[in-house]
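I opened my notebook beside the structure and looked things up one at a time. Come along and check each entry against the view.

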Amino acid sequence: MDSLTIILTTIILHKLTNALDTATICNNDNACKCINNTVSCTTLAQDGVFVLPNGTEIVHFDNVPITIINNSTFANGKLQKITWVASKIKFVEALNHNDLKYLDLSRNNIIKLSDDIFYNCPCLEYVDLSDNQLNILSDNLFLHSSSLRTINLEKNIFNSISKNLFKHTINLQNLSIGNPNLTFLDENAMTNLYKLEYLSIENSGIRNLNQSSFGVHIYLYSVILNNCTHLTSIDNNFIGSSSNIKIIELNNCGTIESLPSSIVSLKNLQYLQMSNTQIQPNCQNGWFSQWFNNETTTVVGYEKYSNFIKTLNEINCPPTIYYTNSPITLQLTKKGIINCMAYGNPFPAFTWLIPGGLTFHENKQADVDIAHHPNIHNWDLNQIVSQSLLTDKNGSLHILRMLRTHIGNYTCYVSNKYGNSSKTVEVHLDSGVFFNIKINALLLGISSALGFLMLTILCCALKLLLKRLNCMKKRSQPTETEMGSTEKPKILPENV
């Protein structure tokens, strides 16, 4: 009887288990759709555990209200992608999904995240926590998330980013952090993001963007700063240390007091958007008037440029050099340009002091102290004719044919009646040329030595072969006739 009871109990439990397995959220045809390994639910009202079909990899919930998400929220499934939006979620505790790669919890009411929320998500690559109520971001939030490629924290209410928040997200490529309350970025807050490509700080309360917070980002191609109405200055080195930037958006930013002149150095820049944004007309921003009219410059918007240039032209400005391409490396016998871009009102005179003692002048009338100098002269002000160097109207120095004598430091000195400024440009000769010459000379010497050695060996071998074949006879001993008599002549008496 006992054995029969055990058998019946086992059968009943087995049937109940099967019944539970089949009773998934997919049974609710009105709210959920289950296709292959994907479950999508809209306006689903349910408490407790969400039972998924076995093998579920993708979950998409929209307006599925719940207060807390944790390890027991889902039953079954091997989730790789979770999208749970517009569902009034408030708390997210530790998640345990080893295969999870994509997590979107945007447009909820999240106010707190567990420090170990991503501890058991080693494959996580995408996190969207935008449009929530996060006011504190723990330093340990992304401690175990080195695989992350994209993080979106926009439209929350935190006011700062600490230096440790992104310390371990070394593979991050896309980052969005803007919100109106954000006013402070800690020093070194993003210096570990070596692979960063896209950065958005739009809609934030940031006033100054300092290079010390960002570091060097050689892969960064897009910087989005739209609607930063409190933004007044951008550090020159912030742009200069990210030389591959292609897109800068500065729309609806009010008036910027200091726009970085390092924008000029961005060779890959495709456009600078400045709709409903103004630049303070001052001597520091004077460079923009020259760059704006450049044929290769693409500025979108900036509807009040005419007002900017009109006011700027009324300000007397001492000259300032805002761009040089130092250091510069040129190949032997090739052409090169040494740039020295400067702004001043009136437009300044340019003076180049080059290795060897020569001096080149351009627009020298702007400085009465050098107006009487020859265009090219030596230390004694004797006029010189140069066939390898010349200047253009913008102050750049052209090297028509690079020689060893052109190696050295070139000083660009700009001046007008209100002041002067100078910078030094280093010019180097491509070491690869000398390396190739040395290698070629070494190879030629080795090949010549080997050739001589092989020729000597060949001659010796040929001589030995001819002796073996008796084609060459050994030279016999010389005869007396050939050598001459060795006996002394006999001396006879005189009277014999």
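**Entry 1: charged pairs**

How many salt bridges does the structure hold? I should say at once that I am reading a predicted model. I found one salt bridge in the structure. Its partners are Asp99 and Lys78, and their closest N and O atoms are 4.0 Å apart. I then looked up where the two sit: Asp99 is in the loop between strand 8 (91-92) and strand 9 (102-104), and Lys78 is in the loop between strand 6 (74-75) and strand 7 (81-85), so the pair ties together parts that are 21 residues apart in sequence. As a reminder to myself, side chains of opposite charge can pair when their charged atoms come close.

Are these two residues buried or exposed? Asp99 has a relative accessible area of 28%, so I noted it as partly exposed. Lys78 has 53%, so I noted it as exposed.

**Entry 2: the whole chain**

Next I stepped back for the overall picture. I counted seven helices and 35 strands in the chain. Of its 496 residues, 39% are buried. The chain exposes about 28,100 Å², and carbon and sulfur atoms supply 52% of that area. I also checked contacts between residues at least 6 apart in sequence, and 50% of them join residues at least 24 apart.

**Entry 3: Asn179**

Where is Asn179 placed? I found it in the loop between strand 14 (174-176) and strand 15 (184-185). Its relative accessible area is 0%, so I wrote it down as buried.

I wanted to know what its side chain reaches. One partner is the backbone oxygen of Phe158, at 3.1 Å. Another is the backbone nitrogen of Asn181, which lies 2.7 Å from a polar atom of the Asn179 side chain. Leaving aside residues up to four places away in sequence, Asn179 touches Lys155, Asn156, Ile157 and Phe158, and also Glu202, Asn203, Ser204 and Gly205.

**Entry 4: backbone oddities**

Before this entry I reminded myself that most residues other than glycine have a negative phi, and most peptide bonds are trans.

Which residue of the Asn179 contact list did I meet again here? It was Lys155, one of the residues that Asn179 touches. Lys155 has a positive phi of about 60° although it is not a glycine. I located Lys155 in the loop between strand 12 and strand 13 (160-161). With a relative accessible area of 51%, Lys155 counts as exposed.

Asp131 also has a positive phi of about 60°, and it is not a glycine either. Its place is in the loop between strand 11 and strand 12 (150-152). At 33% relative accessible area, Asp131 is partly exposed.

Then I turned to the peptide bonds. Which residue is joined to Pro327 by a cis peptide bond? It is Ser326, and omega there is about -10°. Pro327 lies in the loop between strand 25 (317-324) and strand 26 (328-330). A cis peptide bond also joins Asn345 and Pro346, with omega about 10°. I found Pro346 in the loop between strand 28 (340-345) and strand 29 (349-353).

**Entry 5: Tyr119 and His97**

How many residues apart in sequence are Tyr119 and His97? They are 22 residues apart in sequence, and their C-alpha atoms are 9.5 Å apart in space. Tyr119 lies in the loop between strand 10 (112-113) and strand 11 (126-128). I noted Tyr119 as partly exposed, because its relative accessible area is 48%.

**Entry 6: helix 6 and its nonpolar patch**

My last stop was an annotation. The unreviewed UniProt entry marks residues 441-466 as "transmembrane region". In the model, that stretch is 100% helix and 0% strand. Its end C-alpha atoms are 38 Å apart.

Which residues form a nonpolar patch on the surface? I listed Leu442, Ile446, Leu450, Leu453, Met454 and Ile457, which together have about 590 Å² of accessible area. I picked Ile446 for a closer look and found it in helix 6 (residues 431-468). Ile446 has 42% relative accessibility, so I put it down as partly exposed.

Notes
Residues are numbered from 1 along each chain as its sequence is written. This is a predicted model: local features need pLDDT of at least 70, side-chain atom pairs count only at pLDDT 80 or more; totals for chains, interfaces and linings use all residues. Side-chain values use heavy atoms; hydrogens and water are left out. Patches are made of residues with over 30% relative accessible area and no salt bridge: like charges are joined within 9 Å, nonpolar side chains (Val, Leu, Ile, Met, Phe, Trp, Tyr) within 5 Å. Accessible areas come from the Shrake-Rupley method with a 1.4 Å probe; for residues, only the protein chains shown count as cover. A salt bridge is a side-chain nitrogen of Lys or Arg within 4 Å of a carboxyl oxygen of Asp or Glu. Helices (H or I, at least four residues) and strands (E, at least two) are DSSP runs, numbered from the N terminus. Buried means under 20% relative accessible area, exposed over 50%, partly exposed in between (1.4 Å probe, protein chains only). A polar contact is a pair of N or O atoms within 3.5 Å; within protein, one must be able to donate a hydrogen and the other to accept it, and residues adjacent in sequence count only if both atoms are side-chain atoms. Contact means heavy atoms within 4.5 Å. UniProt positions are given in the numbering used here, feature names are shortened, and annotations may be inferred rather than shown by experiment.
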